Amino acid sequence: MRLYFYCITKDTFENEFSLRGLDNQKIFLIHNKKLYAAVSAVSTIQYEDSMYHRETHEKIINYFMEKYPILPFKFNSIVGEKVGRGIIKKYYSELQKNLIGIQGKVEFLIRVLKHSSTQMIGTGKNAPGNSVPEKKTPYIERHSEKKILNIKGKVLAHQINRPLRDIASDTCVEMLVNEQILSIASYLVEKSRVGLFRSKINDLEKLYSQYEFFCRGPMPPYSFNIVDITKTNTVRLKRLK
């Protein structure tokens with residue numbers, strides 16, 4: 001039997017749930033010592049990444065999050081029952097520590113993108129469609145310019161993300177994802193600091209108006225669950241402070 005993992009919490013779950021899981025399956029508990037996982041039986045290896053499935057997943061996570069301190073699992077966390085039980089047992093102390101670390105906290109996901117209007121598309125005689133021959137730049141010079149731009153981009157991404165890191169309890173930041181995306185960052189924020197965090201985002205949007213800020217949150221802290229049960233043993237455990 002395969003199990004869909006929704007979340008883990010301490011021994012405070014009720015035994016029966018009115019809420020149903022994906023495919024209207026009954027939600028039940030598996031546990032090891034004082035850690036309980038809310039799961040449902042599934043017959044598939046992976047669900048279609050549809051709005052319906054994701055909304056159902058989110059609804060279940062939010063249901064538990066309103067009642068208990070939880071460690072949420074990402075969408076499509078499906079493994080065999082034996083593997084799932086083994087993971088809770090093997091990583092028991094890490095999961096306990098992780099659960100304590102994110103208690104009372106939520107996640108914000110922020111993408112910082114370059115405005116389309118700021119892209120160098122050329123104007124006047126150098127505009128696209130004109131017959132002015134393109135000036136060829138030596139490879140070494142192009143490489144050096146790209147390296148300088150990358151350094152400047154990383155410095156700028158650091159400057160934008162630093163005020164938010166100062167408010168957050170933890171962060172996961174990826175800088176210079178590509179030419180259009182300056183950074184993608186997840187922030188673990190205490191619920192009592194959500195208002196301050198949002199206010200700082202508004203300040204940064206005004207200060208760096210040449211960039212677009214896309215913010216999602218507050219939401220369950222998926223990015224800060226250190227155990228990815230769908231990975232192999234060698235890469236399953238992420239960082240843990």
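**Exercises: confidence, salt bridges and a pocket**

In this predicted model, residues 117–149 have pLDDT under 50 throughout, and the model gives them 10 contacts beyond four places in sequence.

**Exercise 1.** State how confident the prediction is along the chain, and which elements mark the lowest and highest mean pLDDT.

Solution. Start with the whole chain: the average pLDDT is 81, and 77% of the residues score at least 70. Next, go to the elements: helix α6 (residues 233–236) has the lowest mean, 52, and helix α5 (residues 194–207) the highest, 96. Then return to residues 117–149, where pLDDT is under 50. Where pLDDT is low, predicted coordinates should not be read in detail.

**Exercise 2.** Work out which parts of the chain the salt bridge between E58 and R216 ties together, and whether each residue is buried or partly exposed.

Solution. The two side chains meet at 3.3 Å, N to O. E58 belongs to helix α1 and R216 to strand β9, so the bridge ties together parts 158 residues apart in sequence. E58, at 18% relative accessible area, is buried; R216, at 45%, is partly exposed.

**Exercise 3.** Describe the salt bridge between R85 and E81 in terms of helix α2.

Solution. The N to O distance is 3.1 Å. R85 and E81 are four residues apart in helix α2 (residues 81–90), so about one helical turn separates them. R85 is partly exposed at 38%, as is E81 at 24%.

**Exercise 4.** Characterise the second largest pocket by volume and lining.

Solution. Its volume is about 430 Å³. The lining has 22 residues, with K74, E107, M219, Y222 and S223 nearest the centre. By class, nine are nonpolar, five polar and eight charged. Elements supplying at least two lining residues each include α1 (51–67) and β9 (211–219).

Technical notes: Residues numbered from 1 in each chain as written. Predicted model: local features only at pLDDT ≥ 70, side-chain atom pairs only at ≥ 80, totals over all residues. Heavy atoms only, no water. 1 Å grid on protein atoms, 1.4 Å probe; cavity = no way out; pocket = protein on both sides within 12 Å on 5 of 7 lines; lining within 4 Å. Points joined across faces, edges and corners; volume = space filled by probe spheres on them. Nonpolar A, V, L, I, M, F, W, Y, C, P; charged D, E, K, R; others polar. pLDDT = per-residue confidence, 0-100. Contact = heavy atoms within 4.5 Å. Salt bridge = Lys/Arg side-chain N within 4 Å of Asp/Glu carboxyl O. Buried < 20%, exposed > 50% of the residue type's maximum accessible area, 1.4 Å probe, protein only.
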